[in-house]
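Biologist: I would like to learn how to read cavities and pockets in a model. Can you take me through a case?

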Amino acid sequence: MGGISSAGTFAPVYDAEKRPITAGGFVDKGPLIFEDATRAAGLDKWRHVMGTLRKKYILETDGSGVGLIDYDNDGWLDIYLVNGSTYDTLSGKKTPPHAALFHNNHDGTFTDVAAKAGVTNDRWGFGVAIGDYDNDGWPDIFVANFGKNRLYHNNHNGTFTDVGEKAGVALGNWSDGATWGDYDGDGRLDLFVSGYVHYDLKHEPTPTDGTVALAFCQLHSVPVMCGPHGLQGEPDHLFHNNGDGTFTDVSVKAGVADQNAYYGFTSIFVDVNNDGKVDLLVANDSEPNYLYINKGDGTFEDQSYVSGFALNKDGREIASMGLAVGDYLNNGLVDLLITDFSDDFKALYRNDGEASFTDVADEAGITQMAIPFVSWGAGFLDYDNDGWKDLMMVNGHVYPEVDQHDWGTTFAERPLLFRNTGNGKFAYVPPVKGSGLATLTSGRGAAFGDLFNNGKIDVVINPIDGPPVLLKNVSPDRHHWVELKLVGGPKSPRDAVGATVYLTANGMRQREDVMSGGSYISSNDQRPHFGLGDATEAGAAEIHWPSGAKETVKLAAVDRIYTVVEGVGITGVLCGAKRCSPGDAAKTQEPATKAAP
């Protein structure tokens with residue numbers, strides 16, 4: 001496949017109507033899991049723009065992320081959509097395309113307030129990570145750009161101020177993904193930024209200029225944009241939070257400097273070995289992935305290869321793009337899903353304990369259907385609230401040229417959904433005609449979260465060159481659920497990023513982690529969400545705070561969103577998307593109890 005790693009060439013797959021399976025395979029009947037609510041929600045007027053439709057250069061192809069953020073602390077998730085840019089904008093010939101900040105109106109609709117909020121970015125944007133870096137109780141926005149990055153500080157009044165250069169995190173070439181996490185346990189969020197390609201606008205690679213080998217500029221012997229193979233990579237950066245609004249680059253000291261300058265995409269801080277310290281995962285495009293284990297002394301140990309995460313089951317690097325983290329086996333260990341290019345196997349890394357992973361995509365049943373798809377955004381989401389995490393992949397091809405050839409694939413592709421059957425396997429969920437799963441889009445970034453506070457996980461997709469897609473969860477199940485909004489104490493990050501929650505209910509023990517970053521260069525809902533099936537008791541939540549404290553909170557009622565403050569307990573409850581009545585709230589309030597260390 002030239003510039004992008006793949007397993008080779010597979011026979012095209014078509015449906016019964018001779019359509020490529022990436023844009024076909026629809027069924028007439030079946031459960032309606034998602035509906036396309038983009039227009040009804042008022043999101044359809046905004047458009048993502050990145051370069052030209054021809055996609056002559058790699059800078060134009062990778063798309064941008066989505067950040068779910070309650071920027072005004074009203075209890076409802078808002079949507080931040082990163083935008084790209086154009087060459088005419090860079091040369092000053094045209095006005096730059098703007099990022100969007102869609103305020104949640106609490107009635108199923110959203111209003112773009114980006115200009116008023118001061119977060120339009122106006123640069124060539126890629127990734128986004130949400131985190132409260134100064135512990136003031138208000139979420140901030142980091143945007144990874146080609147050019148200088150932005151760090152939007154929340155002003156508490158509906159507006160933001162870009163402090164990226166003042167804070168020392170602006171960098172200057174091609175930053176892609178980002179993740180917030182308190183790696184050194186000082187109670188402040190630090191920032192990791194992945195670098196993709198070291199790119200020179202004055203010398204953009206083409207198949208004919210001799211910059212890159214011709215093989216890295218072809219697909220099935222047809223000329224396409226060049227790369228990433230053959231191009232110089234851009235290293236990653238870890239910024240330590242100094243606590244005074246500034247950051248220090250500690251990449252080398254911490255052991256995560258990416259001396260190979262791999263093509264970094266999605267990154268996530270999360271505790272993979274259950275020692276209470278966040279580790280660092282980086283999905284690298286067409287090169288080995290990184291897994292850095294936190295040693296607890298301000299440094300990391302590179303266990304990429306020994307852990308099994310660097311390569312897939314065939315011992316080969318893949319074009320890793322998206323990264324999802326979740327305990328799909330309900331055994332207390334986080335597993336990992338990597339999405340990649342078409343004509344290759346998506347990798348599902350089962351956590352075998354002690355930071356050891358095995359790629360079990362084949363035995364889990366997700367391999368064959370996903371081969372023709374170019375997959376980006378990814379998530380473990382319990383879409384039917386049965387207590388088992390399901391899988392979704394958001395898809396879209398890199399090369400527009402595929403629509404001109406009979407290769408069995410398309411530029412715009414449909415999402416893929418797999419239902420967790422509870423025995424280590426997943427069952428493919430066919431797309432019903434006219435439903436959200438049948439929506440064709442050139443997907444890139446995607447974020448997963450409960451946008452309507454109804455306990456159902458929705459999906460926001462940021463495609464390349466088009467309007468966003470809001471897949472509203474309309475699953476017909478009547479299962480119960482609970483969600484937690486965590487607030488850290490003095491020794492934890494205020495937004496509790498890095499916390500792990502174990503919920504014991506309905507005869508099972510589930511795990512959720514509070515993370516910033518993920519999917520494909522995006523940032524999901526940071527409220528742990530638990531499906532309860534038919535259980536009418538909400539159970540107990542054992543919370544492992546970033547500070548190291550452990551507390552157990554009894555949840556008195558199902559179908560609630562509980563606010564839990566470290567060391568205090570439940571301080572607020574949402575019932576049916578509204579504040580609970582005083583009597584109802586009183587019934588559900590429970591103090592926290594310290595768990596055994």
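Modeller: We will go through the enclosed spaces, then the open ones. Keep in mind that this is a predicted model.

Biologist: How many cavities of 30 Å³ or more are there?

Modeller: A cavity is a space where the probe fits but cannot get out. Here the count is 2 at that cut-off. The largest cavity holds about 460 Å³. It has 33 lining residues, and Phe380, Glu512, Met515, Asn524 and Asp525 are the closest to its centre.

Biologist: Which strands supply at least two residues each to that lining?

Modeller: Strands E20 (323–326), E24 (375–381), E28 (443–449) and E33 (508–513) do. By class, the lining has 13 nonpolar, 10 polar and 10 charged residues.

Biologist: What is the volume of the second largest cavity?

Modeller: About 60 Å³. Its lining has 10 nonpolar, 1 polar and 2 charged residues. Nearest its centre lie Ile4, Asp62, Asp285, Trp376 and Val398.

Biologist: Now the pockets. Which element gives the most to the lining of the largest pocket?

Modeller: A pocket, unlike a cavity, is an open set of points. The largest one here has about 620 Å³ of space. Asp70, Asn73, Lys485, Leu486 and Arg527 are the closest to its centre, among 30 lining residues. Strand E31 (480–487) gives the most, with 4 residues. The lining divides into 14 nonpolar, 8 polar and 8 charged residues.

Biologist: And which residues are closest to the centre of the second largest pocket?

Modeller: That pocket holds about 270 Å³. Phe10, Ala11, Pro12, Asp343 and Trp407 are the closest, out of 19 that line it. By class, 10 are nonpolar, 7 polar and 2 charged.

Note on methods. Residues numbered from 1 in each chain as written. Predicted model: local features only at pLDDT ≥ 70, side-chain atom pairs only at ≥ 80, totals over all residues. Heavy atoms only, no water. 1 Å grid on protein atoms, 1.4 Å probe; cavity = no way out; pocket = protein on both sides within 12 Å on 5 of 7 lines; lining within 4 Å. Points joined across faces, edges and corners; volume = space filled by probe spheres on them. Nonpolar A, V, L, I, M, F, W, Y, C, P; charged D, E, K, R; others polar.
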